[in-house]
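Dear colleague,

I am passing on a structure for you to look through at your own pace. Please open it first, and then read my notes beside it.

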Amino acid sequence: MSALRDALRDLPEAVFADLLESEDAYLLVVDLPGATADTVDVNVEKGRLHIEARREKDLPPSFEYIREDRPLFLDAELPLPPDATGAGADGSTDRGVLELRLPKYEAAPEQSIPIEDA
């Protein structure tokens with residue numbers, strides 16, 4: 001988990017993130033002002049968590065941008081903790097706060113694997 005904790009320290013200064021841990025999951029909370037579920041994409045690939053977030057901005061009528069800073073608010077690639085695969089993960093946004101719940105794989109419910117005769 002230290003790799004993920006260290007990676008969070010390397011996020012842009014405008015991004016605040018918390019990492020919490022319980023017996024069965026990690027909770028990653030990232031402040032993304034102006035981002036919504038429609039403007040945030042999260043996926044897991046090869047043991048890494050990819051987060052891309054865009055701000056929703058209202059452009060007042062009769063105005064146009066002379067300069068626009070950071071339309072892409074966050075594009076981050078973070079290592080998953082060693083005991084999480086991303087399987088069963090879920091996420092939500094509420095008022096610009098992204099919460100990702102990453103289950104630990106040893107906490108996954110037991111399941112029976114059917115075996116058939118050949």
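What follows is a short account of what was found, starting with the overall layout and moving on to single residues.

Please keep in mind throughout that this is a predicted model. The protein has one helix and seven strands, and, read from the N terminus, the elements follow the order α-β-β-β-β-β-β-β. Of its 118 residues, 28% are buried.

**The sheet**

Four of the strands form an open sheet in the order 1-2-7-6, and the pairing in it is antiparallel. Strand 1 and strand 6 (90–94) stand at the edges with a single partner strand each, so one side of each has no neighbour in the sheet. On average, neighbouring strands of this sheet are turned by 15° against each other, if direction is ignored. As general background, the strands of a sheet pair through backbone hydrogen bonds, either parallel or antiparallel.

Strand 1 (residues 16–21) and strand 2 run antiparallel and are joined by six bridges, while a hairpin of three residues leads from strand 1 to strand 2. If you would like one pair to look for here, Phe16 has Asp31 in strand 2 as its bridge partner. On the other side of the pairing, seven bridges join strand 2 to strand 7 (residues 97–103), and these two strands are antiparallel as well. In strand 7, Leu102 is the bridge partner of Tyr26, and Arg101 is the bridge partner of Leu27.

Is strand 2 mostly covered or mostly open? Five of the seven residues in strand 2 (residues 25–31) are buried, so by the cut-off of under 20% relative accessible area this strand is mostly covered.

**The core**

The largest nonpolar core holds 23 residues, and those that touch the most other members are Leu28, Leu32, Leu49, Ile51, Leu74 and Leu78. Helix 1 (2–9), strand 2, strand 4, strand 5 and strand 7 each give two or more residues to this core, and strand 5 provides the largest share, with four residues. In soluble globular proteins, nonpolar side chains tend to be buried together.

A contact between parts of the chain that are far apart in sequence can be seen at Leu100, which belongs to strand 7. Its C-alpha atom is separated by 5.7 Å from that of Leu27, although the two residues are 73 apart along the chain. Why does Leu100 count as buried? Leu100 has a relative accessible area of 7%, and the limit for buried is under 20%, so Leu100 falls within that class.

**Salt bridges**

How many salt bridges does the structure hold? There are six salt bridges, and three of them are described here, among them one between the side chains of Arg101 and Asp24, at 3.5 Å from N to O. This pair links distant parts of the chain, since Arg101 is in strand 7 and Asp24 is in the loop between strand 1 and strand 2, 77 residues apart. Both residues are partly exposed, Arg101 with a relative accessible area of 30% and Asp24 with 35%.

A further salt bridge brings together the side chains of Arg48 and Glu77, at 2.6 Å from N to O. Here Arg48 is in strand 4 and Glu77 is in strand 5, with their positions 29 residues apart in the numbering. Arg48 is partly exposed at 30% relative accessibility, and Glu77 is partly exposed at 43%. Asp94 also forms a salt bridge, with Arg95, where the closest N and O atoms are 3.9 Å apart; Asp94 is partly exposed at 47%, whereas Arg95 is exposed at 79%.

**The surface and two backbone angles**

Leu59, Phe63 and Tyr65 form a nonpolar patch on the surface, and together they have about 320 Å² of accessible area. Leu59 lies in the loop between strand 4 (48–54) and strand 5 (72–79) and is partly exposed, at 45% relative accessibility.

That loop also holds Ser62, which has a positive phi near 70° and is exposed, with a relative accessible area of 77%. Lys46, in the loop between strand 3 (40–45) and strand 4, likewise has a positive phi, near 55°, and is exposed at 79%. Most residues other than glycine have a negative phi, and neither Ser62 nor Lys46 is a glycine.

With best wishes

Note on methods
Residues numbered from 1 in each chain as written. Predicted model: local features only at pLDDT ≥ 70, side-chain atom pairs only at ≥ 80, totals over all residues. Heavy atoms only, no water. Buried < 20%, exposed > 50% of the residue type's maximum accessible area, 1.4 Å probe, protein only. Pairing = 2+ DSSP bridges. Patch = residues over 30% accessible without salt bridge, like charges linked within 9 Å, V, L, I, M, F, W, Y side chains within 5 Å. Areas by Shrake-Rupley, 256 points an atom, 1.4 Å probe, with all protein chains shown as cover. Salt bridge = Lys/Arg side-chain N within 4 Å of Asp/Glu carboxyl O. Axes fitted to C-alpha atoms, helices over the stretch in contact; angles between N-to-C directions. Core = buried A, V, L, I, M, F, W, Y, C linked by side-chain atoms within 4.5 Å.
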